[in-house]
Amino acid sequence: TARLWAALDPALRERLAAASLHDAVLLGCDLLRTEQEEEAALVQLCLQAPTDKKPEAASWYREQGNQEFKRGQYQAALRLYSKAASHELPGSPEVSVCFANRSAALLHLGHFEVCLEDIARAERHGYPDRLLPKVLLRKAECLLCLERLQDAQDILGVLESKIALDGVMTTHLTRLKKLSQLKVKLGEKKRCPEPAQEARGGIQGEPEIWEENNSISGASSSLSLSFDAERGRHLVASQDIVPGQSLVKEEAFVSVLCPGKSLPLQDGDTAWDTRATNADLYCHHCLRQLLASEPCQGCSYAKYCSQDCADMAWQQYHRTECSLGALLLTLGVFCHVALRTVLLAGFAEVSRLVAWSHRGDKNFQNPEARCKPLSEAPAAEAGSRGIPGCGSNGRYQSSYQALFHLLPHTEQHSPEHKFLCTLSVVAICKQLQAAGLEAAVLNQESPHQWSKPKMCEKTSDDLSPELKTVAEAMLRHVLQLQCNAQAITVMQELGPGDGAVVDKKPVRLATAFFPVLSLLNHSCCPNTSVSFSGTAAIVRASQPISSGQEVLHCYGPHWCRMRVAERQQLLSQYFFECRCQACLEELESGVRSVVSIRNSFCCPKCQAQMQGEEDTLCCSNEACATSASRDHLSGRLQDLQQQIKKALDLLRVGEADQAIKMLLRCQMDAGTFLSPEHLLMGEMEDHLAQVYATLGKWQKAARHLKKSIEIVEMHHGPSSVETGQELFKLAQILFNGFAVSEALSTIQRAEGILSVHFGPQSAQIQELQEMKACLSQLPRNILQRT
């Protein structure tokens, strides 16, 4: 695209820069019609992200899964069997074998309910009758483990009959032995029934009080919607709000799973990648974490948590997207979100609003409407009561109409970026037409029809008027996403996750449109916290909000984490200059930010703070007067970060003692040129705590983690989510180290912070409550001693 842009006639570049969305699509159609070489290049790029099914890949993955299973690596086997199932052709007898093999791995991992689901899948897909005794034994074992004794007895009866009918008894000797063992176990359980186990979610937090707003869907009644020229649409507290109070609960209008990073294959690597990415770990429809995925019938990419999710996705959008997988992965998640948005909205609603935008085009160019960084639109629609995006009843809903009203900032994107987006959406629409999917896009086809995926076909035919309308809407949405895309994040475990202390970090899982969440303006010092549950966003107050005060959200650069100049640079992508309280104070005072001071270098000789804005830094201690090159100190910092990474790699391969030695050396080196409050100093303390916890040295682990918490509190504040996460880890360490009274007080503090940010029903709060309940049940004399 860059090459094509450079070769464009200057007059054509100017036309495109000033073009409306409608005219940009027409220009894009003309360019792609004449540039067949560029279309061929796109086809070649698509070959690097194949999404079709390959039976040879399925066989290879299944064999790799078998090898991992024999080695006792059941989690790895599980992932490989899932990859194998996704590559098997529909109706292939090997599909049932993949599910049966995967059920064996699930049994070993203790996932009994999911194991039964996979056995049912295997039977449904025609698992060979001669192998059925093997899975029936597995089914009976699962039912026994789940205390479903009558069901287990019925299965054992069926199995006994099946083996008796088989003439060659010697082939079933092992199974007969297993069968007799299970029967004995069944008899014991019937004589001595075990008490029902308390479910993991048995300890429940207080239910949240929620009264929905009459005029804003998914918002609390404690909010009101306002509009002015400076801030555009925004949310204001209509009453006093306390920390932790739920303010918005909104399902995404549209969300698309980000495939996740997968490194390019090196020379000598196999053609099939065995590493798991987000695309393997989460349902492509509801974003629930996957244990045993249900693969799409048409492609190897889309995977679901259940047949229900697979059917819903197919009906709503995947029947159109299925054969375009390689193209959508190549063009990126923004293009994918744009396509899925118009598919979910339906062509009738898309064409109605596109036609309306042509009639109200002058309003869209209104400079007053550009004062707000997010989500404003013209206030001229009939019945909106002066606030854009509202329906005729004055209610603002999480609807396509509200989403359509988010500003695309057409005139403020760089012409080259606009050119790239235009070519991308036109390429998708041309492929929809070439693959015979236009009827599906225009909702003229039964949602249950399924056609075999087609390869990218080159076409020079012009787009139909309807597809040009679709392309225009898609272009609007791709441009809107720069300012309105919301990353759905999830706390993901680092490492295998089988240790006593689990380290987690937030990972971008999907990109979504949330029309109500987009009403929140930005502040570098926000008063809300956003968390996610599947495809839903939950906004909570993170501090007291007085009646009449605006409700604010941070778009990324928080004042605690970044200097004002860096924040302003990052925020420029939203086409506004931040004037929040934190920025104004830092800009007007002229004083060095707290972030700069805490993350500063210190003098290699006397450890006083180094200062200066130029390339040469000077010691703040006048008696010392040592100077050093900023580049030299930055180089030392980069080397130190590389050494820390090597130490963590040693920990991952089980070399804990070596990891400790390397981290302690890194600490000594850091002390000679970094401020004691530098965030990296805290990170090293955190890593040392992690290594000592791996070795079961709980007291040492706790000592290092407490130092990490001190530094995290200095940077992010005592009630920040970062402090809450560190306290959660400390609670795990103290719990495992049997430091009962200290563990209980740490649990209480962690619970207080994390419930504000994530709510009382979150997984971390549940885990803290379970630890507290376990410790509280210890005999009184032990509690007094500890």
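A salt bridge is a side-chain nitrogen of Lys or Arg lying within 4 Å of a carboxyl oxygen of Asp or Glu. Side chains of opposite charge can pair in this way when their charged atoms come close. In the structure shown above, which is a predicted model, this rule gives a count of 25 salt bridges.

## The chain as a whole

The chain contains 32 helices and 15 strands, and of its 786 residues, 50% count as buried. Its accessible surface comes to about 36800 Å², and carbon and sulfur atoms hold 52% of that area. Among the contacts in the chain with a separation of 6 or more, 66% are between residues 24 or more positions apart.

## Salt bridges

Three of the pairs are set out here, each with the closest distance between nitrogen and oxygen.

| Acidic residue | Basic residue | N to O distance |
|---|---|---|
| Glu88 | Arg62 | 2.7 Å |
| Glu349 | Arg352 | 3.1 Å |
| Asp462 | Lys468 | 3.1 Å |

The side chains of Glu88 and Arg62 meet in a salt bridge of 2.7 Å. Because Glu88 lies in the loop between helix H6 (74-87) and helix H7 (93-109), while Arg62 belongs to helix H5 (residues 55-70), the pair ties together parts that are 26 residues apart in sequence. Both Glu88 and Arg62 are buried.

The pair of Glu349 and Arg352 has another setting, for these two residues stand three residues apart in helix H16 (residues 347-359), and are therefore separated by about one helical turn. Glu349 has a relative accessible area of 25% and is partly exposed, and Arg352, with a relative accessible area of 38%, is partly exposed as well.

In the pair formed by Asp462 and Lys468, Asp462 counts as partly exposed at 36% relative accessibility, and Lys468 counts as partly exposed at 21%. Salt bridges can also join into a network, and one such network links Arg102, Asp118, Arg121 and Glu294.

## An annotated region

The UniProt record, an unreviewed entry, carries the annotation "domain: MYND-type" for residues 283-322. Glu294, one of the residues in the salt-bridge network, falls within this annotated range. Over residues 283-322 the chain is 38% helix and 10% strand, and the C-alpha atoms at the two ends are 15 Å apart.

## Cysteines without disulfides

A pair of cysteine sulfur atoms counts as a disulfide when the two are within 2.5 Å, and by this rule the count in the model comes to zero. Cys145, for example, is in no disulfide, since the nearest cysteine sulfur, that of Cys142, is 6.5 Å away. Cys145 counts as partly exposed, at 30% relative accessibility.

Why is the sulfur of Cys624 not bonded to that of Cys603? The sulfur of Cys603 is the closest cysteine sulfur to that of Cys624, but the two are 3.7 Å apart, which is too far for a bond. Cys624 is also partly exposed, with a relative accessibility of 23%.

## Nonpolar cores

The largest nonpolar core has 76 residues, and those with the most contacts inside it are Leu339, Tyr400 and Met474. When residues up to four places away in sequence are not counted, Met474 touches Cys335, Ala338, Leu339, Val342, Val425, Ile428 and Cys429. A second core, separate from the largest one, has 53 residues, including Ala656, Leu674, Ala689 and Leu775.

Definitions and conventions: Residues numbered from 1 in each chain as written. Predicted model: local features only at pLDDT ≥ 70, side-chain atom pairs only at ≥ 80, totals over all residues. Heavy atoms only, no water. Buried < 20%, exposed > 50% of the residue type's maximum accessible area, 1.4 Å probe, protein only. UniProt positions renumbered as here; feature names shortened; annotations may be inferred. Helix = DSSP H or I, 4+ residues; strand = E, 2+ residues; numbered from the N terminus. Contact = heavy atoms within 4.5 Å. Areas by Shrake-Rupley, 256 points an atom, 1.4 Å probe, with all protein chains shown as cover. Core = buried A, V, L, I, M, F, W, Y, C linked by side-chain atoms within 4.5 Å.
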